[in-house]
Amino acid sequence: MRLLLLAPPGAGKGTQGERLAAWSGARHIAAGDLLRAEARAGGRLGREIAACQARGDLVPDQVVLDVLTPAVVEAAALGGYILDGFPRTLPQAAAAAELGARLGVTLHAAVYLHAPDAVLTRRLLDRASQSGRDDDRPDVIRHRLTVYAETTGPLVPYYEKRGILVAVDASQAPESVTADIQAGLSGLSLPGLSPGGPY
């Protein structure tokens, strides 16, 4: 199973990625985690990523592709992937689709988690009080949600036109969100997915 999780900051991509990975046997690949690890490692690429993240801006497309491609190809060969946080723009989606077709790792479905900005902001501020992430401040949160709406929002109709979009209300409890995702995926007749479970 090869899935994309498409969601604004605070919608629960990480939580759902882990739950879906446990359910399906596919590997959860969090783009943000890979990019943060690269930033911590330092070097030219790491410094560029760190500067973008501190501002709440998107990391350049080619940098993201360079970091993610090896992980996605490896996961696809070992049972599938659940990609969280990429692509975030139409050019990224087009580049990813082209790369996926060339490498034989084309996406089966895009899961869109949506929730009101007030819910997302509250969740991010709660997370900041627990984890101390420096990009979970009110001013940066507002900027990140604006950037998401402008740059990632257009991906929803893009995947809808491709017939692979599963839209789910992410303001529910995590278990309800997971159940709705599973129900939506079962309607797409994915490879290896049966009504009773993924395999």
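**Entry 1: charges and the overall chain**

I began with the charges: the chain has 20 positive and 21 negative ones, and their mean positions lie 2 Å apart. A reminder to myself before going further: this is a predicted model.

Next I looked up the overall dimensions. The C-alpha trace spans about 45 × 35 × 30 Å along its principal axes. I also checked the radius of gyration, which is 16 Å; a compact globule with 199 residues would have a value near 16 Å, so the two agree.

Then I turned to surface and interior. I found that 46% of the 199 residues count as buried. The chain exposes about 9,500 Å², and carbon and sulfur atoms supply 55% of that area.

I was curious about contacts across the sequence, too. Taking contacts between residues at least 6 apart in sequence, 74% of them join residues at least 24 apart.

**Entry 2: the order of helices and strands**

I counted nine helices and five strands in the chain. Reading along the sequence, I noted the pattern β-α-β-α-α-α-β-α-β-α-α-α-β-α.

**Entry 3: strand S1 and its partners**

Which strands does S1 pair with? I found four bridges joining S1 to strand S3 (residues 81-84), and these two run parallel. S1 also pairs with strand S4 (residues 109-114), again in the parallel sense and over four bridges.

I followed a few of the bridges residue by residue. Leucine 4 has leucine 83 as its bridge partner in S3. For leucine 5, the partner in S3 is aspartate 84, and the partner in S4 is valine 111.

Are the residues of S1 buried or exposed? Five of the five residues in S1 (residues 2-6) are buried, and the strand is mostly covered. I checked the directions as well: Arg2, Leu4 and Leu6 point one way, while Leu3 and Leu5 point the other way. That fits what I know of strands: in a regular one, the side chains alternate between the two faces of the sheet.

**Entry 4: strand S3, with S2 alongside**

I looked at S3 in the same manner. Tyr81 and Leu83 point one way from this strand and Ile82 and Asp84 the other way, and all are buried.

S3 also pairs with strand S2 (residues 27-30), in the parallel sense and over four bridges. Here I noted that alanine 30 has aspartate 84 as its bridge partner in S3. Aspartate 84 had already turned up in my notes as the partner of leucine 5.

Just past S3 I looked up a peptide bond: the one from phenylalanine 86 to proline 87 is cis, with omega near -5°. Proline 87 sits in the loop between S3 and helix H5 (90-103).

**Entry 5: strands S4 and S5**

How many bridges join S4 to S5? I found five, and the two strands run parallel. One pair I wrote down is histidine 114, which stands opposite aspartate 169 in S5.

I then checked how covered S4 is. Five of its six residues are buried, so S4 is largely enclosed by the rest of the structure.

**Entry 6: arginine 162**

Where does arginine 162 lie? I located this residue in the loop between helix H8 (155-161) and strand S5 (165-169). Its relative accessible area is 36%; buried would need under 20% and exposed over 50%, so arginine 162 counts as partly exposed.

Leaving out residues up to four places away in sequence, arginine 162 touches Ala97, Thr106 and Leu107. I also looked up its separation from histidine 108: the two are 54 residues apart in sequence and 10 Å apart in space, C-alpha to C-alpha.

**Entry 7: alanine 118**

My last stop was alanine 118, found in helix H6 (residues 117-131). Its relative accessible area is 58%, so this alanine is exposed. Alanine 118 and alanine 179 are 61 residues apart in sequence, and I noted 23 Å between them in space, C-alpha to C-alpha.

Key:
Residues numbered from 1 in each chain as written. Predicted model: local features only at pLDDT ≥ 70, side-chain atom pairs only at ≥ 80, totals over all residues. Heavy atoms only, no water. Buried < 20%, exposed > 50% of the residue type's maximum accessible area, 1.4 Å probe, protein only. Pairing = 2+ DSSP bridges. Rg over C-alpha atoms; globule rule 2.2 N^0.38 Å. Contact = heavy atoms within 4.5 Å. Areas by Shrake-Rupley, 256 points an atom, 1.4 Å probe, with all protein chains shown as cover. Lys, Arg positive; Asp, Glu negative; His and termini not counted. Charge placed at Lys NZ, Arg CZ, Asp CG, Glu CD.
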